[in-house]
Amino acid sequence: MQAQKYITKNGQIHFYSDAPTEKIEAFNNHVNSALDISSGDFIFRVLMKSFQFEKALMQEHFNENYIESHKFPNATFMGKVTNLNEIDFSTPGSYQAQIEGELSIHGVTQKISEQGTFEVKDGKIQGKSTFYVAVADYDIKIPQAVITNISEKIEVNVDILPEALNK
Amino acid sequence: MKKWIKILAVLTVIGIAAATYVYVFVYNKAHPDYAQLEPKISLTAENCFTTFRVNEAEANERFIGKMIQLSGHLTQIEHSGDQTIFYFILSEGMFGNEGVRVSMIPDEKLSNITAGHSITLKGFCTGYNQTDVILEHGSVIY
């Protein structure tokens, strides 16, 4: 019998800001994620301070000035795979997924609806999604002096490989 | 005329020096050498985990963004890609095991360490994700 709950603590999130004067990216390899394939419930939780930037100064500004990670240490997504009837988690293949839910960043929660894929292979489920987050939607203020250094919309790439939770 | 040229030259040199300083030591400043950072706080893994569970706001204030020294029973060692994660398992919840996870700085000596023993290490605390307390840039003290 196939497990119903899949979890990972080593999911990956990468974000990329492509602004006229600067490209900024950061990686986080400690994303908690859980997927219930019977209900479609899907959550992930990310510690903002775990994002690693190439430049220390950018990491500092991200945590202290923009995200204020001392006040809002976590970002979370809680939602559902809404087209569960189109995905067969017991049969290898690549499936388009429609995911809807609430994304909370910087203390602000917004409803989102995004596309992703689930790749079922060798008894494992790999989930991937690329979507865009508008910084203004989450009350993240970018000072006028660096407005051309940071994109208004940040590309976010999620890549998780959860394992069956045997409980 | 010569005086003005001298002033201009001096100002140019000062300007270039200042710009170089900002570029090298501010814009491109290096990440901290985490292996060399002295721990600000020393406690057991269990005490750290419990503090986050009981009063997260207080624990955030005390631990996040600080190098902390932890001691405890190392329950599990995980390998994920090129990462080695030391795990002090202290409870169980919806994500399975819960406790303190320490992402270690790559080091050949880590391969000599096995789970099931007491250990003291240090790591940079990035917070609590409602499941585990996360420490990054970990290194073994003894």
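**Exercise 1.** Which strands of chain A are included in what covers the buried residues of α1(A)?

*Solution.* The structure is a predicted model, and the work begins with the helix itself. Helix α1 of chain A runs over residues 56-66, and its buried residues are M58(A), F62(A) and N63(A). A residue is called buried here if 20 or more other C-beta atoms lie within 10 Å of its own. These three residues lie on the same side of α1(A), because they cover an arc of only 125° around the axis. As a general rule, an α-helix has 3.6 residues a turn, so residues three or four places apart point the same way. What covers the buried residues of α1(A) includes β2 (23-36) and β4 (52-53) of chain A. Just after the helix, E68(A) takes a positive phi of about 50°.

**Exercise 2.** Describe the side of chain A that touches chain B, beginning with the residues in contact and ending with their chemical character.

*Solution.* Start with the counts: 18 residues of chain A are in contact with 24 residues of chain B. On the chain A side, the elements that give two or more residues are β1 (5-18), β2, β3 (41-47) and α1. The largest share, 4 residues, comes from β2(A). Sorted by character, the residues on this side of chain A divide into 7 nonpolar, 7 polar and 4 charged.

**Exercise 3.** State how chain B is divided into domains, and how many Å separate the domain centres.

*Solution.* First, chain B is divided into domain 1, residues 1-30, and domain 2, residues 34-140. Next, taken over C-alpha atoms, the centres of domain 1 and domain 2 of chain B are separated by 45 Å.

How values were computed:
Residues numbered from 1 in each chain as written. Chains lettered and ligands numbered in written order. Predicted model: local features only at pLDDT ≥ 70, side-chain atom pairs only at ≥ 80, totals over all residues. Domains from an automatic or database assignment. Buried ≥ 20, exposed ≤ 12 C-beta atoms within 10 Å, placed from the backbone. Arc of directions from axis to C-beta. Contact = placed C-beta atoms within 7 Å. Nonpolar A, V, L, I, M, F, W, Y, C, P; charged D, E, K, R; others polar.
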